Amino acid sequence: MLSSIDYPQALNEQQLNAVTSTRGPHLVIAGAGSGKTRVLVYRTAYLVDQGVDPHQILLLTFTRRAANEMLERASAILDDRCRNVSGGTFHSFANTILRQYAQRIDLPRNFTILDEADAASVIQRIREEKGLNKLDKRFPRKDTISAIISKSVNKGTDVADIICDEYPQFLQWSEMVQQIKNDYMIRKREMDALDFDDLLIVLRNLLDTKEDVRRQLSRRYAYIMVDEYQDTNKVQAEIVRLLACEHDNVMVVGDDSQSIYSFRGAHFRNILDFPQSFPGTRVVKLEENYRSSQPILDLTNEVILCARDKFEKRLFTRKEGDQRPVYRDTLDENAQSNYIINRIQELRQEGIALGEIAVLFRSGWHSNDLEVKLSSWGIPFVKYGGHKFLESAHVKDAVSYLRILQNPSDQVSWMRVLTLMRGIGSKTALRIARDAAEKKLSSVNPGDFKNVSVRRLFEFVAAADPQAQSPAEVLDLALQFYYPFLMDRYDDYDKRANDLESLQRIVERYTSLEQFLADLTLEPPEKSVIEARRHNRQNKNSLVLSTIHSAKGLEWDTVFVIHVCEGFLPSYRSFEDQDAMEEERRLFYVATTRAKRRLYLLRPQAVSSRAAGASNSSPYTRVSRFLGEGRILDLLVDIEHRHVQARGFGQGHARQDRAGRMMLADYFDRTESAWDNW
DNA sequence: ACACTTCGAGTTTTT
DNA sequence: CTCGAAGTGT
C-alpha cells in the first residue's frame, strides 16, 4: 500500500515509534512542547491510512476543542475520513454511550445532566430541609458541600476522610455532610438526573457489570487513544481499562509534570500506574522540545527540577534564542497592567500579531485590572477560563424552559422558572414542581392554576413539542415567554438579551434538543469568546487572557505570567498543604512552558485591599517562592535584585513588611516619571 | 406563611 | 460580585 504521507520525514525517531506502533498498550511520556499532539494527529492519520475504519478509533481528550483541532489536522495531512474518528471528552463520550444503553441499567434515556451549579442547588434544598441554616456554628456553604461530595466520589474515599484532609474546619459536620451526600444521591435518581461525576461512574459500572456491552463496545472501539492522561482520575482509568478489554490497543499520552487537576480527583500516579493495569506496556519518551527557545527551556527545566517528586526528564531543544526570560517588579496591579500594554505596543511594532501573545494567571479575577485597561485602550482580547456562557443567570433561565420539556422530572429547572415569577417563592414552586413531575405533563391543565404566570407557563409547555418542532423553534417559544421576566428582573436586560440571541444562533446548528442541552453543559461555550465574536469578527487577532488551567496544551510567541507572588501563584489556598503546593509549582511550570520566544514574569509589589484580603492581610506582596529556588534567579534578567533579596522569597515574613514599605518608597521615586511618559 | 429586601462577609483551578 | 441569614412586608 502506498502512503501519501512521509512519516519518517515528519517525525523524529521516538515520535515515529509511537505513531507506527499500533498494537498493544503504549504509554507516551511527553514533555512540554515535545510534539505530543503531533503524535496523536499523525497516529490517527496513520491508522486510517492503514485501512482502519475511522469509526473504530476513539480519541479521548480533555476538551472538545482539542479533539476537533486534532481531527482537523489529521484530515489536513491525510483526508476527510479522519473526521469520522470518534472523539471528545470522557464526559461527552459517557453521555453518548449512556443514552444508547440506558434501558440496560434502568436509566431513563432522557436524563438531565446537572452542571456544578445545578448540583449545588439540589444540595442547597436538602440543606434547607435539614434546617442547617439555623445553626450557631458555621456550616459549609453549598458549593463547598458539593466539592466535598464530588471529591469523595472521585477518589473513592469517605466524606469524613476528605473533610479531615482538606476541610478540617468542618470536621464536626462530617456526619451531616455524609447524610446530605446520601440524600443527594437519592434526589438525583428521583429527578432522573446525572451530575458530571455520575456520567463517568455510571459508564464505568455499565462496562463493569454488563459483559456483553463491554465486549461490544470494546470491539467497536478497537483503537483507543487518550490525551492528557496525567489529568485523568481513577474512574476514567477504569473506563479505559474496561473499554480495552478485547484488544489492549491503547495509547495514553501525558506528562506527569503537568498534572494540575487533583482538585478533580486526578493524580499523576495514575499515569505511572498505567503499565500495571496494562502488562506489556511499551513506554515511549519524547524529550526533544520544539516549542521554546533555549533560555526559556533552561528556566522551565529548573522549575521542574525543584519539584519534590520528579521523574527524570530533561528537555532539550535545537531552537536557539537570545531573549532570556524577564522578571519584572511593578509597583502595583495598575503598573503591572500598564507594563503589559506598553510591551504589547512594542511587540506590535515588531510585527507580532496580538493573537500570538497571551497573559496567564492563576485565578479568573486576577486579570480584572488588566481587562479594564485593555478595554479603555481599545485592545481586543478574549478571555478563557472564568465564567462560562451558561453560568449567567439569564441564559440558565432560558435553558431551564427547554430542560423541563426534555425531562419533566427536572426539579432544578422547574424551581428556576417558577421562582422567576412574582409572588412565587421556593415553597410554592416546590409544590408545583412536585405536581408537574408526578403527573404526566400532558395531563396538567393550565386552568388549574390561579397565578396568571403559572398558567401561561403551562400553556407554553403544552404548546411546545420537542418531537415535532426544531430546537430553534422551541427556544423561540421559550424566549417569548421569558422576555417579560427578563425585563422585569434586570436593569441591563438589553445586554442580556444579546446573550439570548447568541443562544439562538447556537441552537440553529442542532436538530435534537437532547443533544443541544447535553452539549451546552458538557462543552459550554466560553462567555467572552461569544462576546468577542460579536464585537470583533476576527478574534484570531485578539490578545489572549487565560487561566493557567485553560492554557494547557496551547502555546504563544510571547507569554506574560502575572501576579507571580505569594498568595496568587502559589495560591494562598495551598499554603498549608504540601501536595497542593507541589501542584502550584506544576502550574507555574505549565504557565512558563507555554512560551515560544518571549516570557515575562510580572509581580505587583502591592495589590488592592480586596485582593490582599484573599492572600494575606497586607497589601504588600512577597515574590513567589518559586523564583527563589535553585538557579532560577540566574536565568532571569531585569530583576530588581535589591527588592527581591530584601524580601527573602517567601521566608522572613516578619521583617518584610517594614522593609517592603521602605523599598516601595524608594522604587516609587525612581519609576514614577518613567511610567508617566508613555 | 411565605416572599422580598437588605446588609455583611467571603471569593481557585473545570468537565 | 454572590451567597446566605436576618429583618420587613404582604
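At what angle do helix α10 and helix α11 pack, and how far apart are their axes? In this predicted model, α10 (residues 196–209) and α11 (residues 211–220) pack at about 105 degrees, with axes 5 Å apart. This briefing covers that helix pair, a six-stranded parallel sheet and the protein surface around DNA strand B.

**Helices α10 and α11**

- The angle of about 105 degrees makes α10 roughly perpendicular to α11, because angles from 65 to 115 degrees are classed in that way.
- On the α10 side, the contact is made by L206, L207, D208 and T209.
- These residues meet E211, V213, R214 and L217 of α11.
- By class, four residues of the α10 contact with α11 are nonpolar, one is polar and three are charged.

**The parallel sheet**

- Strands of a sheet pair through backbone hydrogen bonds, in either a parallel or an antiparallel manner.
- Here, six strands in the order β3-β2-β6-β7-β1-β8 form an open sheet with parallel pairing.
- The edges are occupied by β3 (86–89) and β8 (282–286); each has a single partner strand, so one side of each lacks a neighbour in the sheet.
- On average, neighbouring strands of this sheet are turned by 15 degrees against each other, direction ignored.
- Within the sheet, β2 (residues 57–61) pairs with β6 (residues 223–226) in the parallel sense over four bridges.
- L58 has I224 in β6 as its bridge partner.
- Helix α4 (residues 64–77) packs on the sheet, where it touches β2 and β3.
- The direction of α4 makes about 135 degrees with that of β2.

**The surface around DNA strand B**

- DNA strand B is surrounded by 29 residues, of which E116, R362, G425, T428 and R573 are the closest.
- Of the atoms of DNA strand B that come within 4 Å of the protein, 58% belong to sugar and phosphate.
- By class, the residues of this surface comprise seven nonpolar, 14 polar and eight charged.
- Helix α19 (residues 426–438) gives the most to the surface near DNA strand B, with three residues.

**Polar contacts with DNA strand B**

- At a base, an N or O atom in the side chain of E116 is 2.5 Å from a base oxygen of DNA strand B.
- The side chain of R264 places an N or O atom 3.3 Å from a sugar or linking oxygen of DNA strand B.
- At a phosphate, the contact comes from the backbone of S426, with an N or O atom 3.3 Å from a phosphate oxygen of DNA strand B.

Terms used. Residues are numbered from 1 along each chain as its sequence is written. Chains are lettered from A and ligands numbered from 1 in the order in which they are written. This is a predicted model: local features need pLDDT of at least 70, side-chain atom pairs count only at pLDDT 80 or more; totals for chains, interfaces and linings use all residues. Side-chain values use heavy atoms; hydrogens and water are left out. Axes are lines fitted to C-alpha atoms, for helices over the stretch in contact, and angles run from 0 to 180 degrees between N-to-C directions. Helices (H or I, at least four residues) and strands (E, at least two) are DSSP runs, numbered from the N terminus. Angles under 35 degrees count as roughly parallel, over 145 as roughly antiparallel, 65 to 115 as roughly perpendicular and the rest as oblique. Contact means heavy atoms within 4.5 Å. Ala, Val, Leu, Ile, Met, Phe, Trp, Tyr, Cys and Pro count as nonpolar, Asp, Glu, Lys and Arg as charged, and the others, Gly among them, as polar. A residue is near a molecule or strand if one of its heavy atoms lies within 4 Å of it. A polar contact is a pair of N or O atoms within 3.5 Å; within protein, one must be able to donate a hydrogen and the other to accept it, and residues adjacent in sequence count only if both atoms are side-chain atoms. Two strands pair if DSSP finds at least two bridges between them.
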